[in-house]
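Here are my notes on the model you sent, set out as numbered points. They begin with a term that a later point depends on.

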Amino acid sequence: MSDLLWLIILSMLSLALIAAFIRLIRGPRIPDRVVALDLLSVVVMAFICVYAVRFNQPNFLDVAIIMALITFLGTVAFAYYLERRI
Amino acid sequence: MITWLVFALMLMGAFFVMTAAIGILRMPDLFLRMSASAKAGSMGVGLILLGVAAFFNEFAITTRALAVIFFIILTAPVASHMIARAAYFDGAPLWNSTLFDELKTRYHLSTHELDSLEVAAADQLPAEAEVAQEGDDFQQEG
């Protein structure tokens, strides 16, 4: 039973990863790609947390913290230079 | 008992993250895509982190999980606002069923400041933003 639930959770997250990645490749302009990259990191954070529970490794949570920090800085830097470009 | 709570939280979180990703793939223009991804994405990852906190049931880990949730709630709107503002100045095309764009005449082109009154015509953003063709992002530099 719990194997099935893990399978459902992980396949939902994989679907999200694929959808965000398609937008990252296709996105007609740079802001679309930045938004897709932002969502991609959110999905990766969710993956890390699910894995931390699945394999009982609380240390993975630190990776999620660093991921959140780096993503915010990256998005802000992208926005800053996009606005400066004009 | 706590296992089912963890599973429920994780299923709901994964569902929200999947909704955000489908929204970012299917929505017709950048701003609609952002409204899907910012809200549903932070909701989903917040629920999954609550599941982590419930599963480990330990003070240090609960603190860390709550800190991440707080940080996401704090930073997701800031990042979304900054990227939406940059994209608006960049001339991101709106969906062709958009009814009206009140912001168009309210921005100073020279200073990038917002005004509550209508700005003089010379200082407005260009009326017809050039619609980029697929994949020519890198040709409009300079």
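1. In what follows, two helix axes count as roughly antiparallel when the angle between them is over 145 degrees and as roughly parallel when it is under 35 degrees. The angle is taken between N-to-C directions and runs from 0 to 180 degrees. Please keep in mind throughout that this is a predicted model.

2. Chain A contains three helices and zero strands, and its order along the sequence reads α-α-α. Its radius of gyration is 15 Å, well over the 12 Å that the globule rule gives for 86 residues, so chain A is more spread out than a compact globule. The C-alpha trace of chain A spans about 55 × 25 × 10 Å along its principal axes.

3. As for packing within chain A, 42% of its 86 residues are buried. If one takes the contacts in chain A with a separation of 6 or more, residues 24 or more positions apart account for 40% of them.

4. How do the axes of helix H2 and helix H3 of chain A cross? Fitted over residues 30-54 of helix H2 and residues 60-85 of helix H3, these axes come within 9 Å and cross at roughly 175°. Since angles over 145 degrees count as roughly antiparallel, H2(A) and H3(A) are therefore roughly antiparallel to each other.

5. The contact between these two helices can be followed residue by residue. On the H2(A) side the participants include A:Ile30, A:Val34, A:Val44, A:Ile48 and A:Ala52, while on the H3(A) side they include A:Phe60, A:Ala64, A:Met67, A:Thr71, A:Phe78 and A:Leu82. By class, the residues of the contact of H2(A) with H3(A) divide into 17 nonpolar, three polar and one charged; A:Asp38 is among the residues that H2(A) brings to this contact.

6. The loop between H2 and H3 of chain A holds A:Asn56, which has a positive phi of about 55° although it is not a glycine. Is this residue buried or exposed? A:Asn56 is exposed, with 10 other C-beta atoms within 10 Å, where a residue counts as exposed if 12 or fewer such atoms lie inside that distance.

7. Chain B, too, has three helices and zero strands, and reading along its sequence gives the pattern α-α-α. Of its 142 residues, 32% count as buried. Among the contacts in chain B between residues at least 6 apart in sequence, 52% join residues at least 24 apart.

8. The domain assignment of chain B gives domain 1 (2-89) and domain 2 (95-125). The centres of domain 1 and domain 2 of chain B, taken over C-alpha atoms, are separated by 32 Å.

9. A positive phi also deserves a look in chain B, where B:Asn57, a residue other than glycine, has a phi near 55°. B:Asn57 lies in the loop between H2 and H3 of chain B, and with 10 C-beta neighbours inside 10 Å it counts as exposed.

10. Finally, the interface: 46 residues of chain B are in contact with 42 residues of chain A. Which helices of chain B supply at least two residues each to the side that touches chain A? Helix H1 (2-26), helix H2 (30-56) and helix H3 (59-89) of chain B each do so. By class, that side of chain B has 34 nonpolar, six polar and six charged residues.

Terms used:
Residues are numbered from 1 along each chain as its sequence is written. Chains are lettered from A and ligands numbered from 1 in the order in which they are written. This is a predicted model: local features need pLDDT of at least 70, side-chain atom pairs count only at pLDDT 80 or more; totals for chains, interfaces and linings use all residues. Domain bounds come from an automatic or database domain assignment. Helices (H or I, at least four residues) and strands (E, at least two) are DSSP runs, numbered from the N terminus. The radius of gyration is taken over C-alpha atoms; the globule rule is 2.2 Å times the number of residues to the power 0.38. A residue is buried if 20 or more other C-beta atoms lie within 10 Å of its own, exposed if 12 or fewer, and partly exposed in between; C-beta atoms are placed from the backbone. Two residues are in contact if their C-beta atoms, placed from the backbone, lie within 7 Å. Ala, Val, Leu, Ile, Met, Phe, Trp, Tyr, Cys and Pro count as nonpolar, Asp, Glu, Lys and Arg as charged, and the others, Gly among them, as polar. Angles under 35 degrees count as roughly parallel, over 145 as roughly antiparallel, 65 to 115 as roughly perpendicular and the rest as oblique.
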